[in-house]
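This report describes the model shown below, working from its metal site to its sheets, cores and two serine positions.

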Amino acid sequence: MSYQHQYADGTRIHYPVGKVVCIGRNYAEHAKELDNPVPTEPLLFIKPGSCVVPSEGGFKVPTDRGSVHYETEIAVLLGKSLSTKPSVEEVLDAISGYAPALDLTLRDVQSKLKEKGLPWEIAKSFDGACVIAPFVAASTYSDLTDIPVRLTLNGAVRQDGNSSLMLNPIVPMIQYMAACFSLQAGDVIMTGTPAGVGPLNPGDELVLELPGASRFATTVL
Ligand code: ZN
C-alpha cells in the first residue's frame with residue numbers, strides 16, 4: 001500500500017515522504033537487552049522514504065531473511081526544514097505531529113553486519129521496514145519529555161515506554177541530527193525503541209499506541 005503522511009482524523013498531510021532519521025540505543029534498558037553498550041554520542045542511521053508503509057490495513061514482513069523484529073517508537077513528523085544549529089524554539093516550531101511507528105529490523109542480518117562492523121542498511125531499509133500510524137497534532141503534547149508509547153502484540157503488552165526514559169530527549173536529539181545533516185519538511189524522526197523488542201510473524205495482531213492520544217490496530221499479513 002502506498003504511503004502518504006496523514007493525521008489521525010484522516011486529513012492528508014501534503015509534505016513529501018522524506019527520509020526517516022533514526023536513533024539507535026536511545027533507551028538504556030533496550031541497549032542492555034541486545035547486549036549493546038550505551039553509546040556516548042547519539043547513534044544515528046537513516047531509512048529511505050521508500051521503505052515507509054502505513055499501519056492501516058496491515059503490513060508484510062520478509063519471511064526469507066531470518067527474524068524480523070519490531071521496535072515500537074515515537075515518530076516525529078517535521079513540517080519545516082532544520083539545519084546547522086536550530087534553537088529549541090525552531091525545533092518545536094518545525095514539529096507537525098507524533099505517531100506510534102515500527103522500526104522493523106532484520107535482526108539476524110543486522111547481527112552479522114554488526115559483527116563485521118558493516119553498515120546496517122540491508123537490515124533496516126528493506127521495502128516495508130518502517131510502519132507509520134497516522135499522526136496526532138504537535139499541540140497534543142506540551143511536555144515532550146513525557147510521551148508514552150506502547151505495543152500490544154497478540155493481546156500482551158510487549159513494549160511500554162515513555163520519552164522520559166530517553167537517553168537523548170526529543171528536542172536535543174533533533175538539534176543534534178540537524179547539526180549532522182539538513183532535515184526537511186516531510187522527514188520523520190524515529191526516536192528509539194524502549195525495551196521489549198521481539199520477532200514478528202504473519203498473522204500477528206498489533207495495537208500501536210501513544211496512550212491517551214492515539215491507538216491503531218494492525219496485523220502482519
Ligand atoms: Zn529503532
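## Burial and the zinc site

A residue is called buried when its relative accessible area is under 20%, and exposed when that value is over 50%. The model is predicted, and these terms are applied to it throughout. Glu71 and Glu73 are both buried.

These two glutamates also belong to the metal site. The zinc ion has Glu71 (OE), Glu73 (OE) and Asp103 (OD) as its protein donors, at 2.0 to 2.1 Å. Along the chain, the donors are spaced as E-x1-E-x29-D.

## Overall build

The protein chain holds five helices and 15 strands. Its radius of gyration is 16 Å, close to the 17 Å expected from the globule rule for 221 residues, so the chain is as compact as a globular protein of that length. Taken along the principal axes, the C-alpha atoms fill a box of roughly 45 × 40 × 30 Å.

Of the 221 residues, 52% are buried. When contacts between residues at least 6 apart in sequence are considered, 75% of them join residues at least 24 apart.

## The four-stranded sheet

One open sheet has four strands in the order β11-β10-β14-β15, with antiparallel pairing. The edges are β11 (156-162) and β15 (214-219); each has a single partner strand, so one side of each is left without a neighbour in the sheet. On average, neighbouring strands in this sheet are turned by 15 degrees against each other, direction ignored.

Within the sheet, β10 (residues 148-153) and β14 (residues 205-210) pair in the antiparallel sense through four bridges. Leu151 has Leu208 in β14 as its bridge partner, and Thr152 has Val207 in β14. Strand β14 is mostly covered, with five of its six residues buried. On to β15, the antiparallel pairing of β14 is made by six bridges, and Leu206 stands opposite Thr218 in β15. β14 and β15 form a hairpin with three residues between them. In the turn, Gly212 has a positive phi of about 90 degrees.

## The three-stranded sheet

Another open sheet is made of three strands in the order β7-β4-β13, again with antiparallel pairing. Its edges are β7 (105-106) and β13 (198-199). Each of these has a single partner strand, so one side of each lacks a neighbour in the sheet.

Strands β4 and β13 run antiparallel and are joined by two bridges. In this pair, Gly198 of β13 is the bridge partner of Tyr70.

## Nonpolar cores

The largest nonpolar core has 36 residues. Those touching the most other members are Phe59, Leu104, Ile132, Phe135 and Leu200. A second core, separate from this one, has 26 residues, including Ile147, Met166, Ile174 and Ile189.

## Two loop serines: Ser55 and Ser81

Which of these serines is buried and which is exposed? Ser55 has a relative accessible area of 2%, under the 20% limit, so Ser55 counts as buried. Ser81 has a relative accessibility of 56%, over the 50% limit, so Ser81 counts as exposed.

Ser55 lies in the loop between β3 (52-54) and β4 (68-70). Leaving aside residues up to four places away in sequence, Ser55 touches Val131, Ile132, Ala133, Pro134, Leu208, Phe216 and Thr218. Several of these contacts have appeared above: Ile132 is in the largest nonpolar core, Leu208 is the bridge partner of Leu151, and Thr218 stands opposite Leu206.

Ser81 is in the loop between β5 (72-78) and α2 (88-94). With residues up to four places away in sequence again left out, Ser81 touches Leu183, Gln184 and Ala185. The C-alpha atoms of Ser81 and Ser182 are 7.1 Å apart, although these residues are separated by 101 residues along the chain.

Notes. Residues numbered from 1 in each chain as written. Predicted model: local features only at pLDDT ≥ 70, side-chain atom pairs only at ≥ 80, totals over all residues. Heavy atoms only, no water. Buried < 20%, exposed > 50% of the residue type's maximum accessible area, 1.4 Å probe, protein only. Contact = heavy atoms within 4.5 Å. Donors = N, O, S within 2.8 Å, 3.2 Å for Na, K, Ca; no water. Pairing = 2+ DSSP bridges. Axes fitted to C-alpha atoms, helices over the stretch in contact; angles between N-to-C directions. Core = buried A, V, L, I, M, F, W, Y, C linked by side-chain atoms within 4.5 Å. Rg over C-alpha atoms; globule rule 2.2 N^0.38 Å.
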